Amino acid sequence: MKKTLIAMLLLTALLCAACGTAAPTPTAAPVPTELPAPVPTDDPEMEPPMEMPSYIANQVTVLTVQDKLFETTQNPEEPENRDYVVNYTIQDDTLIFDQAGNKLSLEDVKEGSLLNVYTGAYTPAPMIMPPQYQANIIILLDPEAEEAGFTCADTFILVDGMLTGTGNTLALNLTEDVEIVDRDGNPTQEELVNKDLLVFYGTSTRSIPAQTTPTRIVVLGTNELALGSINAQ
């Protein structure tokens, strides 16, 4: 019975990695020690890698807003229970958006705000309690929004001709209507293959990976650690 429960918890955590989730889910960012040297390739269309998302998503509610730090809880029904507390440090390059893709600022995050926080899977985290991670991306959620909005942050590579996140949770159908911008919100024609992307989307197929036509894509840059890990497989 205990082994079954542990297996279910691990499966839930894997399914929630990289893309937004509708329920609070405890996560822990893996801390790599030494990555194998990248294997050069001239073929931009890589073989499907092991499922290794570059970002881990966690839905939390803000308890307190401090200078460059948010104290949050994964269970707003028990705000006094420290077992659910997760702290996030805010960096100068931390990006904040609403779920429609509009850029926000730190001042928009208040006590009680519901957030989807993305942390880097390759970023070391201190071994302290409560857990503390660097917030790479913060999505301010609106539980009362009329239309559902979803996000996914990951390294996207070509798999079977489609841009697919390395976590194998989302594949993109690109059209001329997709808005593509850089980290500052400026339109860009930058190549999307082998880049870290923040994808905003609505509906998606019930498949693995899910397929969607994004409404907006933010190009985050190149993740050398992620690409090195993929090429080494």
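Proline 130 lies in the loop between strands β4 (114-120) and β5 (132-140); strands (E, at least two residues) and helices (H or I, at least four residues) are DSSP runs numbered from the N terminus. A cis peptide bond, with omega of about -5 degrees, joins methionine 129 to proline 130. This is a predicted model, in which local features need pLDDT of at least 70 and side-chain atom pairs count only at pLDDT 80 or more, while totals for chains, interfaces and linings use all residues. Residues are numbered from 1 along each chain as its sequence is written, and side-chain values use heavy atoms, with hydrogens and water left out.

**Backbone features**

A cis peptide bond also joins isoleucine 208 and proline 209, again with omega of about -5 degrees. Proline 209 is found in the loop between β10 and β11 (210-212). Most residues other than glycine have a negative phi, and most peptide bonds are trans. Lysine 68 and aspartate 160 are listed below for their positive phi. Accessibility is relative accessible area, taken with a 1.4 Å probe and protein chains only: buried is under 20%, exposed over 50%, and partly exposed in between.

| Residue | Phi | Loop | Relative accessibility |
|---|---|---|---|
| Lysine 68 | about 65 degrees | between β1 (55-66) and β2 (69-73) | 36%, partly exposed |
| Aspartate 160 | near 55 degrees | between β6 and β7 (162-165) | 69%, exposed |

**Overall architecture**

The chain contains two helices and twelve strands, arranged along the sequence as α-β-β-β-β-β-β-β-β-β-β-β-β-α. Of its 233 residues, 45% are buried. The exposed surface amounts to about 13000 Å², of which carbon and sulfur atoms supply 54%; accessible areas come from the Shrake-Rupley method with a 1.4 Å probe, and for residues only the protein chains shown count as cover. Among contacts (heavy atoms within 4.5 Å) between residues at least 6 apart in sequence, 70% join residues at least 24 apart.

**The barrel**

Five strands form a closed barrel in the order β1-β2-β3-β5-β4, with mixed pairing; two strands pair if DSSP finds at least two bridges between them. On average, neighbouring strands of this sheet are turned by 55 degrees against each other, direction ignored. The axes are lines fitted to C-alpha atoms, for helices over the stretch in contact, and angles run from 0 to 180 degrees between N-to-C directions. The pairing of β3 with β5 is parallel and extends over eight bridges. Isoleucine 90 stands opposite alanine 135 of β5.

**Nonpolar cores and an aromatic pair**

In soluble globular proteins, nonpolar side chains tend to be buried together. A nonpolar core is a set of buried Ala, Val, Leu, Ile, Met, Phe, Trp, Tyr and Cys residues joined through side-chain atoms within 4.5 Å. The largest such core has 16 residues, and those touching the most other members are Phe156, Leu163, Leu170, Leu172, Leu197, Val199 and Ile217. Two or more residues are given to this core by each of β6, β8 (170-172), β10 and β12. Beyond its neighbours within four places in sequence, leucine 197 is in contact with several residues, including Cys152, Phe156, Leu172, Leu192 and Ile217. Another core, of 15 residues, lies apart from the largest one, and its members include Tyr88, Val117, Ala135 and Ile138.

A search of the whole structure finds three aromatic pairs. Rings of Phe, Tyr and Trp (its six-membered ring) pair if their centres lie within 6.5 Å; planes under 30 degrees apart count as stacked, over 60 as edge-to-face and the rest as tilted. One of the pairs is edge-to-face and joins phenylalanine 97 to phenylalanine 200, at 5.6 Å centre to centre and 70 degrees between the planes. Because phenylalanine 97 belongs to β3 (85-98) and phenylalanine 200 to β10 (195-201), the pair ties together parts that are 103 residues apart in sequence. Both phenylalanine 97 and phenylalanine 200 are buried.

**The C-terminal helix and its preceding loop**

Asparagine 223 is placed in the loop between β12 (216-221) and α2 (224-231). With 13% relative accessibility, asparagine 223 counts as buried. Leaving aside neighbours within four places in sequence, its contacts are Ser54, Tyr122, Thr155 and Asp196. Helix α2 is largely enclosed by the rest of the structure, because six of its eight residues are buried. The buried residues of α2 are Ala226, Leu227, Gly228, Ser229, Ile230 and Asn231, and what covers them includes β6 (150-159).
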